[in-house]
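The following report describes one molecular structure for a reader who is new to the subject. Please keep the sequence and the model in view while reading.

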Amino acid sequence: MSPSTTAFFVLAVFGTSAVEMVEALTIVLAAGVTRGWRPAIEGASAAVALLAVAVVLVGEPLVHDVPIDVLRVVVGAVLLNLGLAWLQKAVLRASGHKARHDEDAIFAEETARLRVDPAARPRHDVVGFSVAFKGVLLEGVEVVLVVIGFGTSYHRLGLAAAVAGAAAVVVAVAGALVARQLSNVPENTIKLTVGVMLVSFGTFWVGEGAGVRWPGSDAALPLLVGVFAAAALVLSVWMRSLLPSGGPARGRPVAGSPATAEEGVGA
Amino acid sequence: MKRALYAAGRGLWEFVVGESPATFVATLVIVGLAFALGGHGWVAAVVLPLLVIVTLAGGVYLGRRRTAEGNPG
């Protein structure tokens, strides 16, 4: 991998993991505050362990047994689909046509739903465990997909897993420091950036796997990133000009929580 | 077993296709065209990114219409 490809590789995996982990952390914090920290941390840890096992069980055989061109077309198509969905929503949010994620509102909604009298809380709270487990597992599926996709396509599964793990640690530490101020995270900007990365890698790999000769080989990747970033910005400006006179979309914040899951591909 | 398979299939469908089946279909078209144009030198390197941008613009436009009609999608 060239240095620029490595940089995009790390940025894409780190960004995707960080965004999904912020959403998972909201659920874990809500479960911890309302149902106790022990079941919440146990549930989150169990889900992380399961996701790590999935990376090893699925990723390793893919690296060794599937031809690289087949892998790149399939992984590229999945990333392209995922990236386009992320990018479309990020552009709609950036231009004011769609309400932005409000992690504080999601947190408040989750805590209201889960709150129970501490005296009546069971010693082994299955609800707290399962909410945290489900939250981390469902948000983590996309992370696993990206880790396996990037890791297998460049035969760098270890690097991709390490970057995703680093993102999880950074988000967990940041979450502990800022407590419930998750709304301060510029989530839509990160999603826009990551969406551009996923679409760029997806297009590049689909082409490579299908026999397209990209000008400059790996050097075409930064060019694709630039072209798609410019397209997303132009679309955001154009969409903002089409905004009705009433102003940007408001109303109920879009919940990315699996407990209120309604978003489909990529929140 | 049957219920578990149904749930897994439904989960996979929601994850891959979700609320934007048009994007999913467009992705399949892009993959098909990549194979069709694979042997045509630089043409594919120009056409594929353009198609992706058209898909993005179309998805954003449809998404705007959905939100304008009151379905936040």
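Helices (H or I, at least four residues) and strands (E, at least two) are DSSP runs, numbered from the N terminus. The model is predicted; local features need pLDDT of at least 70, side-chain atom pairs count only at pLDDT 80 or more, and totals for chains, interfaces and linings use all residues. Residues are numbered from 1 along each chain as its sequence is written, while chains are lettered from A and ligands numbered from 1 in the order in which they are written.

**Chain A as a whole**

Chain A contains eight helices and zero strands. Its pattern along the sequence reads α-α-α-α-α-α-α-α. A residue is called buried if 20 or more other C-beta atoms lie within 10 Å of its own, exposed if 12 or fewer do, and partly exposed in between, with C-beta atoms placed from the backbone. Of the 267 residues in chain A, 53% are buried. Two residues are in contact if their C-beta atoms, placed from the backbone, lie within 7 Å. Among contacts in chain A between residues at least 6 apart in sequence, 89% join residues at least 24 apart.

**Helices α1 and α5**

Which residues show how these two helices are placed? A24(A) is found in helix α1 (residues 3-35) of chain A, and G135(A) lies in helix α5 of the same chain. A24(A) touches G135(A), V136(A), E139(A) and G140(A), leaving aside residues up to four places away in sequence. The C-alpha atoms of A24(A) and L137(A) are separated by 8.3 Å, although these residues are 113 residues apart along the chain. G135(A) and L92(A), in contrast, are 43 residues apart in sequence and 25 Å apart in space, C-alpha to C-alpha.A24(A) is buried, because 29 other C-beta atoms lie within 10 Å. G135(A) is buried as well, with 29 other C-beta atoms within 10 Å.

Axes are lines fitted to C-alpha atoms, for helices over the stretch in contact, and angles run from 0 to 180 degrees between N-to-C directions. The axes of α1(A) and α5(A) come within 8 Å and cross at roughly 175 degrees. Angles under 35 degrees count as roughly parallel, over 145 as roughly antiparallel, 65 to 115 as roughly perpendicular and the rest as oblique. The helices α1(A) and α5(A) are therefore roughly antiparallel to each other. The residues of their contact divide into 15 nonpolar, five polar and five charged. In this classification, Ala, Val, Leu, Ile, Met, Phe, Trp, Tyr, Cys and Pro count as nonpolar, Asp, Glu, Lys and Arg as charged, and the others, Gly among them, as polar.

**Helices α3 and α8**

The helices α3(A) and α8(A) pack at an angle of about 40 degrees, with their axes 8 Å apart. They are therefore oblique to each other. The crossing of α3(A) and α8(A) is right-handed; a crossing has this name if the near helix is turned clockwise from the far one by less than a right angle, and is left-handed if anticlockwise. On the α3(A) side, L87(A), V91(A), L92(A) and A94(A) meet A232(A), L235(A), S236(A) and M239(A) of α8(A). By class, this contact has seven nonpolar, one polar and no charged residues.

**Helix α7 and residues with positive phi**

Helix α7(A) has 23 residues and reaches 32 Å from its first C-alpha to its last, close to the 33 Å expected at 1.5 Å a residue. The expected span is 1.5 Å times one less than the number of residues. Helix α7(A) is mostly covered, with 20 of its 23 residues buried.

Most residues other than glycine have a negative phi. The table lists three residues with a positive value.

| Residue | Phi | Place |
|---|---|---|
| G211(A) | about 95 degrees | just after α7(A) |
| H155(A) | about 55 degrees | loop between α5 (126-153) and α6 (157-178) of chain A |
| S217(A) | near 55 degrees | loop between α7 and α8 of chain A |

H155(A) counts as partly exposed because it has 13 C-beta neighbours inside 10 Å. S217(A) has 12 C-beta neighbours inside 10 Å and so counts as exposed.

**The contact with chain B**

How many residues does the contact take from chain A and from chain B? Chain A gives 32 residues and chain B gives 33 residues. On the side of chain A that touches chain B, the elements giving two or more residues are α3 (68-94), α7 (187-209) and α8 (220-241) of chain A. The largest share of this side, 10 residues, comes from α3(A). By class, the side of chain A that touches chain B has 23 nonpolar, seven polar and two charged residues.
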